[in-house]
Amino acid sequence: MDGHGTPAAGMKVLITLLKAELAHGILGLRLFMACVAIAAGMLGLVWLMGTGLSEAMRDNATRILGGDVAVTVVNAPLDRGTLEALDRIGRTSNVVELRSTAHAGSSPGSSRLTVELKAVDDAYPLYGSVALESGAAISDALAVRDGLAGAVVEADVLTRLNLVIGDVIRIGDTQFQIRDQMTREPDRLSAGTFLVGPRVLVSLKALEATGLAGRGSLVEYRTRVRFPEDTAIEQAIRAVADEEPDRGWEIQSPEQAAERVREVMDRTTTFLGVAGLAAFAVGLTGAWAAVSMWIGRRRRTIAQYRLSGATTSTVVVLHAVLVAVAGVLALVLGVGLAAAGAVILLGNLTERLHLLWSPADMAPTVMLVTLTLALGLAGASVAALSGVANLSPLRAMRDGETGTRLQPRTAWGAGLCVIAAAGLAILGLPNPSMAALAAAGLALVAGILVLLGDGIARVGRHLPARRFLALTIKQGLMSPGPVMLRTLALGIGITGITGVVATQQSLQTAFETQIPEKAPDLVLLDVQPSQVDLIRATVSETPALDGLQATPFMRTRILAVNGVPAEQALVNPEKDWVIEGDRSFSWTAEPTGAELVAGEWWPANYDGPPLVSAEEDVMQAFDLKPGDTLRYSVLGRVFTSTVANIRKEYHRTMRPEFLVVASPQPFRDAPHGWIVSLQGLDAESLSTFVADLTRSAPNVTVVDVRRLVRDAAEVVEGAILGTLLIAAVLLLAGALSLSATIVADVDARRREAVALSVVGATRREIALARLAETAMTGLVAALAGGAAGMVASFWITTAALRVDWTPGLSAVLLPIGLGVITSIAAGLSGGLGALPRGRGQLMRLLAG
Amino acid sequence: MNHARPPVVDLTQVTLAYPSPDGDVPVLNGVDLTIDTGEIVAITGPSGSGKSSLIAIIGGLEPISEGTAHVLGLDLALQNERARTLLRRRDIGIVFQAYHLVPSMTALQNAALPLILAGEDGAEAKATEMLTRVGLGHRLGHRPSALSGGEQQRVAVARAFAARPRLVLADEPTGNLDQQTGAVVIETMFDLARSSGTALILVTHDPALAARCDRTLKIETGRVVP
Ligand SMILES: Nc1ncnc2c1ncn2[C@@H]1O[C@H](COP(=O)(O)OP(=O)(O)OP(=O)(O)O)[C@@H](O)[C@H]1O
Ligand SMILES: [Mg+2]
């Protein structure tokens with residue numbers, strides 16, 4: 001058969017053929033390229049995003065925390081002795097944060113804005129740097145000049161107060177000159193609660209002059225420690241923990257900083273990882289189907305090459321080169337787009353989160369993604385290309401319908417490539433154990449689908465065939481190869497899509513619950529007890545204002561339960577946040593109106609030693625019952641109280657919620673502010689109210705909740721849109737991969753339909769037979785794939801994302817719909833592709 | 001109508017043109033042709049003269065461009081594709097140069113297809129008998145891809161006659177057969193046609209074969225020439 005003796009001659013033949021084929025042959029691989037490009041783009045994007053986000057969080061961890069360890073107390077600073085002890089352990093920096101009001105200009109009626117004030121010492125920041133627009137150093141910007149202390153602000157302060165650099169703002173009793181605009185605050189994410197206003201940074205000395213810190217307003221004192229180089233970090237942290245004062249503090253290491261952001265990130269990266277794997281599986285299946293299809297269509301060409309003397313290896317190498325060229329082009333395109341997208345998205349995101357990140361950080365991941373995809377593609381292509389090697393030219397010439405079987409050696413090679421690729425993806429994705437389980441799940445599903453396909457073929461073989469419809473269906477179903485290919489491609493596609501959509505829906509529901517409902521319009525902070533009655537009077541006089549709620553507002557830290565230290569008393573680790581840091585605390589004589597889960601309220605005139613009401617979360621954290629005792633600190637003093645009842649607060653209201661509420665004594669007379677929330681019927685009466693308040697109670701901080709809700713909704717909608725887009729792209733990848741399997745045997749189908757038409761089968765009968773046949777595979781694949789996708793998403797949402805599983809109707813209907821649509825499309829393409837319309841079209845096929 | 005049976009095929013001034021980017025390509029240019037029940041007619045002519053196209057028209061596979069064409073009493077110009085297909089199913093068997101067997105079906109299934117489509121009982125038994133007559137009794141379970149060209153051609157012949165049609169159209173049915181086998185197949189076809197009164201139109205390049213037919217029509221550049 002081989003007419004070319006020497007390798008050099010073979011080479012010449014190959015090159016000649018390649019030259020002839022390159023332009024034309026690659027075009028035939030369009031579907032393959034589309035599958036590859038989408039898989040590459042999708043896997044690349046989610047991988048780069050996931051890795052980029054988690055690496056940014058890791059790389060920025062000490063910057064976010066502001067030190068190797070940080071301790072936080074509220075209301076009163078740490079005492080001198082503790083501070084000195086910390087100083088001996090490492091370099092320290094002290095930062096004070098409080099919410100306040102900035103006034104533009106000095107006149108009382110001037111415009112005002114709630115700001116997040118942060119006062120820093122000279123050592124700040126211990127890690128990272130503050131970026132100012134002018135490039136100046138932070139210490140210069142904050143220094144006193146011409147008797148005025150400096151402040152640097154976020155852009156929002158300038159736009160919302162209509163100010164420029166050099167203007168003066170008043171905070172408390174002190175005037176600050178705005179020296180610069182701040183573009184990055186390295187420890188921004190360490191802010192405990194979310195920020196209700198833009199940041200204003202001043203020096204610690206200047207803050208002392210404002211007198212704000214002493215007025216009972218909520219103040220957080222943070223001390224960060226940077227250990228000397230070559231310190232044993234864990235030991236050093238333990239040394240810091242030993243210094244904990246009796247009143248308690250919150251101690252954090254870098255991994256614990258920005259808990260809330262981290263949680264959102266973890267969910268996002270996990271979702272991205274799963275979506276990426278699904279895209280990978282769907283894309284590879286599609287690529288494999290597309291190459292198989294292409295080779296199927298080229299059977300005659302291959303046979304002709306072989307008959308005109310090309311060796312098997314020449315033909316195999318020729319096709320391998322064509323597939324490789326097409327694959328590399330598509331891969332470069334896909335990965336390129338992914339990288340570009342990731343640079344834009346990550347750049348934007350890290351900037352918003354004040355994290356340091358550079359596109360160069362992505363380079364290793366880009367390489368890993370490319371390598372993974374290349375391996376996967378090699379596997380898929382080898383499996384498909386084995387069809388070239390095994391092709392018998394004679395049989396191919398006869399009528400092109402030759403069943404090619406995967407040689408065990410090729411199958412091993414292809415399998416190893418795919419396994420290696422999956423392994424790389426698993427190790428590289430941000431959550432390897434999750435990814436490994438997901439991949440194992442996908443492999444299991446693939447195995448089940450292949451078995452199902454084989455089962456269908458077995459059933460098909462035993463189908464009675466006395467009627468035309470039955471006979472053609474039987475013919476369509478009984479060859480295991482194509483049936484398995486179709487069930488596998490369709491099933492994996494539907495599994496991936498259903499899984500991702502159901503997960504996306506659950507994630508969306510979880511995100512949406514973060515948008516407040518029934519929120520008040522305004523929340524007033526730091527209201528002095530004497531001012532509460534004034535506000536009450538104003539609201540009751542103004543018909544357009546209502547819904548007023550006024551509550552004392554303090555901070556507490558739970559130290560022990562029934563005498564057992566809180567960390568040890570914790571029975572539910574998911575609720576550990578109740579002991580992390582300072583939590584909201586209030587006192588009340590009357591019941592608050594919250595639903596009681598257990599126990600009773602104290603009588604309105606109760607004035608004995610404090611009793612407490614705990615929120616349901618505290619009960620869940622410690623298995624708490626009425627009658628238990630809580631040890632907690634408030635305003636630097638430690639109390640031990642009996643739990644009178646357990647309350648359930650309705651979240652998402654943006655009204656103040658209190659983890660612990662105590663009976664009035666002795667808190668009633670301690671210095672503390674009140675928090676007041678209210679609603680207005682229209683924006684105008686609200687702004688009149690705010691303007692009046694500015695004059696009568698200048699110390700009160702006004703939080704415009706409407707704006708916050710809007711901002712929160714924007715962020716959440718952005719996240720939802722992102723996950724939706726990912727699901728949509730996956731849908732596209734799935735559709736492409738499915739169309740590859742459909743188009744795969746159109747030619748064979750057409751030959752068959754012509755033959756059927758010759759003996760007098762009508763178009764309708766042929767189409768019906770196709771439809772019935774594809775509907776059967778479609779339905780089986782859709783049911784199996786849909787069920788697998790649901791199971792997968794249930795597991796991902798509950799185990800990995802830890803949100804409620806709310807797949808929604810769309811996720812249920814999707815697999816059924818996809819199965820039906822694909823079946824119909826496949827059936828139609830069988831029918832349409834089979835019998836051409838138009839004069840001379842059939843004749844062309846009949847001729848040869 | 002009188003008592004004489006109408007002709008099986010009656011073409012008057014039939015033309016056929018295929019559209020092409022450079023305008024219509026005329027293939028048949030006014031064919032007049034009448035074939036009576038049970039007649040066996042040879043059609044000869046040079047390659048490209050339109051023989052296969054004529055077969056396609058009579059078989060209802062290609063609609064005519066102009067003229068009138070009656071096949072088995074139906075005016076083809078008035079029939080839609082479905083009606084023409086059903087006519088083919090009921091009454092016409094066709095053997096093509098390129099066989100056109102269903103690739104995924106066995107020889108037996110292929111031969112039985114017309115019977116199955118007609119809803120006849122015992123389709124497989126009848127098909128088996130037919131295949132045995134063309135010498136393929138030992139190849140019943142083979143797919144077309146496992147059959148030689150000549151064997152596929154014989155399956156096509158068996159299929160064409162399986163449902164006892166009133167008209168069989170055969171486009172070079174022995175083109176791929178050695179002389180001996182060819183002779184057997186032709187003999188079988190003649191037998192079947194004669195015994196059931198089936199009209200048979202046979203395209204052939206073989207003058208000897210043509211001579212054995214009732215008459216010979218010669219086609220040149222889309223016209224029947226004397
Ligand atoms: N679908 C088509 N579109 C355009 N032209 C066609 C088509 N099919 C056939 N022809 C042309 O019509 C003419 C007649 O073709 P046909 O196949 O009927 O010839 P033939 O007599 O059967 O030839 P042969 O003996 O080689 O089989 C030829 O010139 C052919 O090129
Ligand atoms: Mg011809």
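Colleague: Let's start in chain A: which residue is the bridge partner of A:Leu524 in strand 20 of chain A?

Modeller: Happy to, keeping in mind that this is a predicted model. Strand 11 (residues 522-527) of chain A, the one with A:Leu524, runs antiparallel to strand 20 of chain A, and four bridges join the two. In strand 20, the residue paired with A:Leu524 is A:Val676.

Colleague: And which residue of strand 20 of chain A is the bridge partner of A:Asp546?

Modeller: Here we turn to strand 12 (residues 545-561) of chain A, which also runs antiparallel to strand 20 of chain A. Seven bridges join these two strands. The partner of A:Asp546 in strand 20 is A:Gln679.

Colleague: How many of the residues of strand 20 of chain A are buried?

Modeller: Strand 20 covers residues 673-680 of chain A, and the rest of the structure largely encloses it. Strand 11 of chain A is joined to it by four bridges, and strand 12 of chain A by seven. The number of buried residues is seven of the eight.

Colleague: Is A:Ala8 buried or exposed?

Modeller: A:Ala8 sits in helix 1 (residues 7-27) of chain A. Exposed requires a relative accessible area over 50%. A:Ala8 has 54% relative accessibility, so this residue counts as exposed.

Colleague: Now the metal: which protein residues are the donors of the magnesium ion (ligand 2)?

Modeller: Both protein donors belong to chain B, and they lie 1.9 to 2.7 Å from the ion. One is in helix 1 (residues 51-58) of chain B and the other in the loop between strand 6 (92-95) and helix 3 (107-117) of chain B, so the pair ties together parts that are 45 residues apart in sequence. The donors are B:Ser52, through OG, and B:Gln97, through OE1.

Colleague: Is B:Gln97 buried, exposed or partly exposed?

Modeller: Buried would need under 20% relative accessible area and exposed over 50%. B:Gln97 has 33%, so this residue is partly exposed.
The loop residue that donates OE1 to the magnesium ion is thus partly exposed.

Colleague: Which residues of helix 1 of chain B are buried?

Modeller: Helix 1 of chain B is mostly covered, with seven of its eight residues buried. After the helix comes B:Gly60, with a positive phi near 75 degrees. The buried residues are B:Lys51, B:Ser53, B:Leu54, B:Ile55, B:Ala56, B:Ile57 and B:Ile58.

Colleague: Which strands stand at the edges of the six-stranded sheet of chain B?

Modeller: This open sheet has the order 6-7-8-3-9-10 and mixed pairing, with a twist that averages 25 degrees from one strand to the next. Within it, strand 3 (residues 40-44) and strand 8 (residues 199-203) of chain B run parallel and are joined by four bridges, with B:Val41 opposite B:Ile201. An edge strand has a single partner strand, so one side of it is left without a neighbour in the sheet; here these are strand 6 and strand 10 (223-225) of chain B.

Colleague: Which strands are at the edges of the four-stranded sheet of chain B?

Modeller: The order in this open, antiparallel sheet is 2-1-4-5. Five bridges join strand 1 (residues 9-18) to strand 4 (residues 66-71) of chain B, and B:Thr15 stands opposite B:Glu66. Each edge strand has a single partner, so the edges are strand 2 (25-35) and strand 5 (74-75) of chain B.

Colleague: Are helix 5 and helix 6 of chain B roughly parallel or roughly antiparallel?

Modeller: The axes of helix 5 (residues 149-162) and helix 6 (residues 179-196) of chain B come within 11 Å and cross at roughly 0 degrees. Their contact includes B:Val157 and B:Phe161 of helix 5 and B:Val185 and B:Leu192 of helix 6, and by class it has six nonpolar, one polar and one charged residues. Angles under 35 degrees count as roughly parallel, so helix 5 and helix 6 of chain B are roughly parallel.

Colleague: How are helix 16 of chain A and helix 3 of chain B oriented, roughly parallel or roughly antiparallel?

Modeller: The axes of helix 16 (residues 468-478) of chain A and helix 3 of chain B come within 9 Å and cross at roughly 150 degrees. Among the residues in contact are A:Phe468 and A:Leu471 from helix 16 and B:Leu113 and B:Ile116 from helix 3. Since angles over 145 degrees count as roughly antiparallel, the two helices are roughly antiparallel.

Conventions:
Residues numbered from 1 in each chain as written. Chains lettered and ligands numbered in written order. Predicted model: local features only at pLDDT ≥ 70, side-chain atom pairs only at ≥ 80, totals over all residues. Heavy atoms only, no water. Donors = N, O, S within 2.8 Å, 3.2 Å for Na, K, Ca; no water. Buried < 20%, exposed > 50% of the residue type's maximum accessible area, 1.4 Å probe, protein only. Axes fitted to C-alpha atoms, helices over the stretch in contact; angles between N-to-C directions. Parallel < 35°, antiparallel > 145°, perpendicular 65-115°, else oblique. Contact = heavy atoms within 4.5 Å. Nonpolar A, V, L, I, M, F, W, Y, C, P; charged D, E, K, R; others polar. Pairing = 2+ DSSP bridges.
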